[in-house]
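Student: I am new to this structure and would like a close look at a single part of it. Please take one strand and its surroundings, and then go on to a few side chains.

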Amino acid sequence: MEHTEIGVVHTKVDRADPEAVATLSKFGVATIHEVMGRVGLMRPYLRPVYPTARLCGTAVTVLLQPGDNWMLHVAAEQIEDGDVVVAACTTESEDGFFGELLATSFRAQGCQGLVIDGGVRDITDLERMDFPVFSRAVNAKGTVKATLGSVNVPVVCGSALVRPGDVIIADADGVVVVPRERAAEVAAASAAREANEEGKRAQFRAGKLGLDMYGMRGPLAELGLRYED
């Protein structure tokens, strides 16, 4: 799986450690993105299709052809409990690749949600089901089933590289990808950052200013910042 192939389904996936995935599910996208060195974030046009959508799981990847959702049906067979389907397209397409019927199928296989660089529909039903979806567009336009893509190959979704088995976390702030081999490390770093931020939060509640907590006054003065009555 060193390059993208067309017309192949890889049935064996090296998934991230389940305990690390469970730990990562406790943290927000912003925290995880920061501790990884500000990498792994998908483009901000990928948005939740309803406000409370949130997901975390290991990636089953799909490479779609424009206006064709055949490979999403193929991917359903490869889903294991705790997976998230990540669908990219060979070129830009905002057609409605996914809706309530496929969500019902995915959920029955244990899917935790979908991230798709394309369109989806049946938004009211998806919210009622609480099936989290992050998409490029909402579009009622239907698709065909005519052209081969691939399942469980590396894909680029929202400008981020996703490999099968990587960890995907998505919330109201965006979507982030954690490489499967870094899952435990990033989970531990996220916990440490959260603990550190709780200490800062307590100081802010007590009235301390960021100017003092972060030692900003000296650098600001060196740059010439002045206060005038």
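Tutor: What follows looks at one strand, its partners, and then some residues elsewhere in the chain. Keep in mind that this is a predicted model.

The strand is E3, which spans residues 83-89. Strand E3 is mostly covered, with 7 of its 7 residues buried. The cover applies to both faces. On one side Asp83, Val85, Ala87 and Cys89 are buried, and on the other side Val84, Val86 and Ala88 are buried too.

Next come the partners of this strand. Strand E2, residues 55-64, is joined to E3 by 7 bridges, and the two run parallel. One residue pair shows where they meet: leucine 63 has alanine 88 in E3 as its bridge partner. To get from E2 to E3 the chain passes through helix H3, which covers residues 70-76. This β-α-β crossover is right-handed. E3 is also joined to strand E5, residues 114-120, by 3 bridges, again in a parallel arrangement. Here the bridge partner of valine 86 is valine 115 in E5. Valine 86 is among the buried residues of E3 listed above.

Now to a residue in another strand. Alanine 170 lies in strand E10, which runs over residues 167-171. Alanine 170 counts as buried because its relative accessibility is 0%, and the cut-off for buried is under 20%. Apart from neighbours within four places in sequence, alanine 170 is in contact with Val29, Arg54, Leu55, Phe134 and Val175. Leu55 belongs to the residue range of E2, 55-64, so this contact leads back to the strand that pairs with E3 because the two share at least two bridges. Methionine 36 is 134 residues away from alanine 170 in sequence, while the C-alpha atoms of the two are 15 Å apart in space.

Last are the aromatic rings. The structure holds 3 aromatic pairs. One of them joins phenylalanine 98 and phenylalanine 106, with 5.3 Å from centre to centre and 55° between the planes, and this pair is tilted. Both phenylalanine 98 and phenylalanine 106 are buried. Through ring pairs, Phe98 and Phe106 form a cluster together with Phe131. A ring can also lie beneath a charge: the charged end of arginine 136 sits over the ring of tyrosine 45, at 4.6 Å from the centre of that ring.

Notes:
Residues are numbered from 1 along each chain as its sequence is written. This is a predicted model: local features need pLDDT of at least 70, side-chain atom pairs count only at pLDDT 80 or more; totals for chains, interfaces and linings use all residues. Side-chain values use heavy atoms; hydrogens and water are left out. Rings of Phe, Tyr and Trp (its six-membered ring) pair if their centres lie within 6.5 Å; planes under 30 degrees apart count as stacked, over 60 as edge-to-face and the rest as tilted. Buried means under 20% relative accessible area, exposed over 50%, partly exposed in between (1.4 Å probe, protein chains only). A charge sits over a ring if NZ of Lys or CZ of Arg is within 6 Å of the ring centre and within 35 degrees of the ring normal. Helices (H or I, at least four residues) and strands (E, at least two) are DSSP runs, numbered from the N terminus. Contact means heavy atoms within 4.5 Å. A crossover is right-handed if, with the strands pointing away from the viewer, the path from the first strand over the helix to the second runs clockwise.
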